[in-house]
Amino acid sequence: MATIFSRIIAGEIPCYKVAEDDKFFAFLDINPLVKGHTLVVPKQEVDYIFDLSDEDLAAMHIFAKKIAKAIKKAFPCQKVGEAVIGLEVPHAHIHLIPIRKESDMLFSNPKLKLSDEEFAAIAKAISSSL
Ligand code: AMP
């Protein structure tokens with residue numbers, strides 16, 4: 001069965017899309033730690049990120065770098081942090097999180113509750129900063 005992220009990429013489940021190319025897809029995390037929290041996923045359905053080929057792992061980071069620059073432009077921050085967990089969704093993904101302090105990256109923090117309009121505006125702000 002396809003993963004939830006494959007179904008998002010296929011357009012079967014809605015998301016707040018930020019960008020895509022032939023191999024990768026970026027969209028907002030639905031339970032964001034901060035505004036701008038974005039996920040980068042390979043279109044190839046691989047659970048564990050370190051099972052990707054060297055080429056695909058490198059290409060995923062080059063794609064993530066472009067998204068991170070756009071996030072930083074749209075949501076001024078000290079840095080965009082990167083995290084890989086993957087215990088919840090078995091489809092490799094990189095979390096990109098604009099941070100001002102270390103604790104902004106804590107996944108145990110309460111998640112933001114945003115409206116549909118807020119999510120849409122955040123995705124648009126990032127994609128138009130690409
Ligand atoms: P993890 O696998 O532990 O890295 O966590 C999976 C992440 O995917 C969590 O931060 C979820 O909020 C996020 N997530 C799960 N389902 C969706 C969805 N349908 N749209 C956007 N983000 C999602």
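## Ligand site briefing

A polar side-chain atom of H95 lies 2.8 Å from an oxygen atom of the ligand. The protein covers 88% of the 510 Å² of accessible area that the ligand has on its own. The model is predicted. The ligand takes up the space of the largest pocket.

**Polar contacts to the ligand**
- H95 makes its contact through the side chain, at 2.8 Å from a ligand oxygen.
- V89 uses its backbone instead: a polar backbone atom is 3.0 Å from an oxygen atom of the ligand.
- L87 also contributes a polar backbone atom, which is 3.4 Å from a ligand oxygen.
- Each of these three distances falls within the 3.5 Å cut-off for a polar contact.

**Shell around the ligand**
- The shell holds 16 residues.
- The closest of them are D29, N31, E88, H93 and H95.
- H95 therefore appears both among the closest residues and as a polar contact by the 3.5 Å criterion.
- By class, ten shell residues are nonpolar, four are polar and two are charged.
- Two elements give two or more residues to the shell: helix α1 (4–9) and strand β2 (24–28).
- α1 provides the largest share, three residues.

**The largest pocket**
- The volume of this pocket is about 450 Å³.
- Its lining comprises 22 residues.
- Nearest the pocket centre are D29, N31, L39, E88 and V89.
- D29, N31 and E88 are also named among the residues closest to the ligand.
- V89 also has the backbone contact at 3.0 Å.
- The lining divides into 15 nonpolar, four polar and three charged residues.
- α1 and β2 each supply at least two lining residues.
- Again α1 has the largest share, with three residues.

**Points to check in the structure**
- Which residues offer polar backbone atoms to ligand oxygens? They are L87, at 3.4 Å, and V89, at 3.0 Å.
- Which element gives the largest share of the shell around the ligand? That element is α1.

Terms used: Residues numbered from 1 in each chain as written. Predicted model: local features only at pLDDT ≥ 70, side-chain atom pairs only at ≥ 80, totals over all residues. Heavy atoms only, no water. Near = heavy atom within 4 Å. Polar contact = N/O pair within 3.5 Å; in protein donor to acceptor, adjacent residues only side chain to side chain. Areas by Shrake-Rupley, 256 points an atom, 1.4 Å probe, with all protein chains shown as cover. 1 Å grid on protein atoms, 1.4 Å probe; cavity = no way out; pocket = protein on both sides within 12 Å on 5 of 7 lines; lining within 4 Å. Sits in = over half its atoms within 2 Å of the grid points. Helix = DSSP H or I, 4+ residues; strand = E, 2+ residues; numbered from the N terminus. Nonpolar A, V, L, I, M, F, W, Y, C, P; charged D, E, K, R; others polar. Points joined across faces, edges and corners; volume = space filled by probe spheres on them.
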